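Here's a quick tour of a few spots worth clicking through in the viewer. Have the sequence to hand as well.

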Amino acid sequence: MIKITTILEELKNISDNHTIWNSELLEQIQNEKIDRNQYKFIFSQYLYYSKNFSRLLSSLMMTCSCDKLRAELTKNLWEESGGCDLEERHSNLFKKFLCKLDVDEEKIIFEDFSIDFFENYLKLLNECSLFEKATVLSFGTEYIIPRLYKIFINGLKSSGFSESDLKFFTLHVDCDEEHAKTIEKILIYSIENEKKLDLDRIKYKLDQCLKLREDFFDQIFNKIKILRFENIFENIIDNKKAIFNPDNLYFSKNKKPINLYSNKNTEYNFEVGRIPFLCDSFDPRLLKILPSGSNELHKHAHETIYFVLEGSGVASIENVRIDIQKGDFLHIPRWVLHQTTNTSRIENLEILAITDFNLTKKITGNLDKSYRKNKSYEIN
């Protein structure tokens with residue numbers, strides 16, 4: 001018979017290397033491309049799973065014939081339920097977190113895929129043997145939570161949440177490893193008492209439960225991509241006048257733009273500021289390159305129109321070199337390598353750059369802070 005440690009290592013390996021860790025949603029969270037409004041949607045949908053989670057543990061308890069192990073599992077349920085303080089039950093801590101997100105629980109409309117995620121999870125468990133249930137809830141559920149929630153925590157902190165706001169997640173990072181070990185004991189017990197061990201079926205069940213969560217993440221991300229454009233499309237289709245601030249319609253040349261990023265070292269010498277117009281698609285900027293300086297050779301999702309305000313220089317677009325001077329226009333296509341150099345040793349080269357960053361960031365998920373990854377940049 002296969003050693004228990006070998007079985008556990010194989011199951012652990014499936015969880016550690018599952019495709020769920022490559023999901024677009026987790027990738028965008030790790031790259032700080034999810035904003036606060038998108039987190040609202042993600043975690044309002046996650047509530048359905050969170051508030052029903054104790055039902056999954058109960059399914060395992062009903063199947064386990066060992067009273068000692070049921071007693072240990074009761075501790076997991078006790079902690080999930082908040083112990084003596086029902087206000088501290090995990091589902092309630094999650095609701096408190098939603099309040100920090102300005103989500104009104106009473107107004108949440110759960111998507112069909114959010115309900116299906118939990119109900120299919122429960123259905124999967126109810127069709128499992130004790131060994132399979134313990135595998136699903138140990139290596140497919142509790143075991144992955146610390147790693148998963150650390151990703152959530154880092155992403156949420158980058159969006160301005162404090163440690164105290166994230167108690168639900170930090171609590172699970174601390175306790176779910178222990179919860180996984182409790183269920184692992186049931187797993188070992190079931191291995192020792194299993195008359196016929198079908199390891200391939202067990203691995204299949206583990207993969208199934210991880211895929212259910214992965215599919216849930218994929219459907220959330222697909223919905224987020226639609227939500228990013230929803231307001232723009234509604235305003236255009238419904239002939240709805242955009243909300244505007246009368247004080248935000250004019251920008252004087254004597255004003256200083258909002259700093260975006262800059263790089264002032266021996267190789268580069270430039271700064272980029274945003275003109276604070278409230279545009280749905282456009283994001284106008286002022287690029288200032290100091291004498292004999294340049295910006296970096298780079299490319300990006302948005303396209304740009306340059307209008308040279310002051311000075312002269314050279315723009316390199318892929319293999320094309322173009323001399324530019326005051327009054328010239330220039331087009332920078334999407335994803336094309338380009339660089340601009342100030343050829344003067346005296347004057348600044350100043351360029352008005354009209355980009356469609358506000359539109360393309362909705363597709364790529366780029367936020368200001370994630371836009372420049374070069375560590376030599378000062379990103380404001």
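## An arginine without a partner

Arg228 sits in helix α10, which covers residues 199–237. Keep in mind that this is a predicted model. Arg228 is buried, yet has no salt bridge. The nearest side chain of opposite charge belongs to Asp35, and that one is 6.2 Å away. A salt bridge here would call for a side-chain nitrogen within 4 Å of a carboxyl oxygen, so Asp35 at 6.2 Å doesn't make the cut.

What does the side chain of Arg228 have a polar contact with? That would be the side chain of Gln38, at 3.2 Å.

## Helix α5, mostly tucked away

Next up is helix α5, residues 90–100. Eight of its eleven residues are buried, so the rest of the structure largely encloses this helix. The buried set is a mixed bag: His90, Ser91, Asn92, Leu93, Phe94, Lys95, Phe97 and Leu98.

After α5 comes Asp102, which has a positive phi, near 65°.

## The second largest pocket

If you're after a pocket to look at, the second largest one has a volume of about 420 Å³. Its lining counts 19 residues, with Lys253, Lys255, Leu286, Leu309 and Glu350 nearest the centre. Strands β2 (269–274), β3 (283–289), β4 (304–310) and β9 (349–355) are the elements that each give two or more residues to that lining.

How do the lining residues of this pocket divide into nonpolar, polar and charged? The split is nine nonpolar, three polar and seven charged.

Note on methods:
Residues are numbered from 1 along each chain as its sequence is written. This is a predicted model: local features need pLDDT of at least 70, side-chain atom pairs count only at pLDDT 80 or more; totals for chains, interfaces and linings use all residues. Side-chain values use heavy atoms; hydrogens and water are left out. Helices (H or I, at least four residues) and strands (E, at least two) are DSSP runs, numbered from the N terminus. Buried means under 20% relative accessible area, exposed over 50%, partly exposed in between (1.4 Å probe, protein chains only). Lys and Arg count as positive and Asp and Glu as negative; His and the chain ends are not counted. A polar contact is a pair of N or O atoms within 3.5 Å; within protein, one must be able to donate a hydrogen and the other to accept it, and residues adjacent in sequence count only if both atoms are side-chain atoms. On a 1 Å grid over the protein atoms alone, a cavity is a set of points where a 1.4 Å probe fits but cannot get out, and a pocket is an open set with protein on both sides within 12 Å along at least five of seven lines; lining residues have an atom within 4 Å of a point. Grid points are joined across faces, edges and corners, and a volume is the space filled by probe spheres set on the points. Ala, Val, Leu, Ile, Met, Phe, Trp, Tyr, Cys and Pro count as nonpolar, Asp, Glu, Lys and Arg as charged, and the others, Gly among them, as polar.
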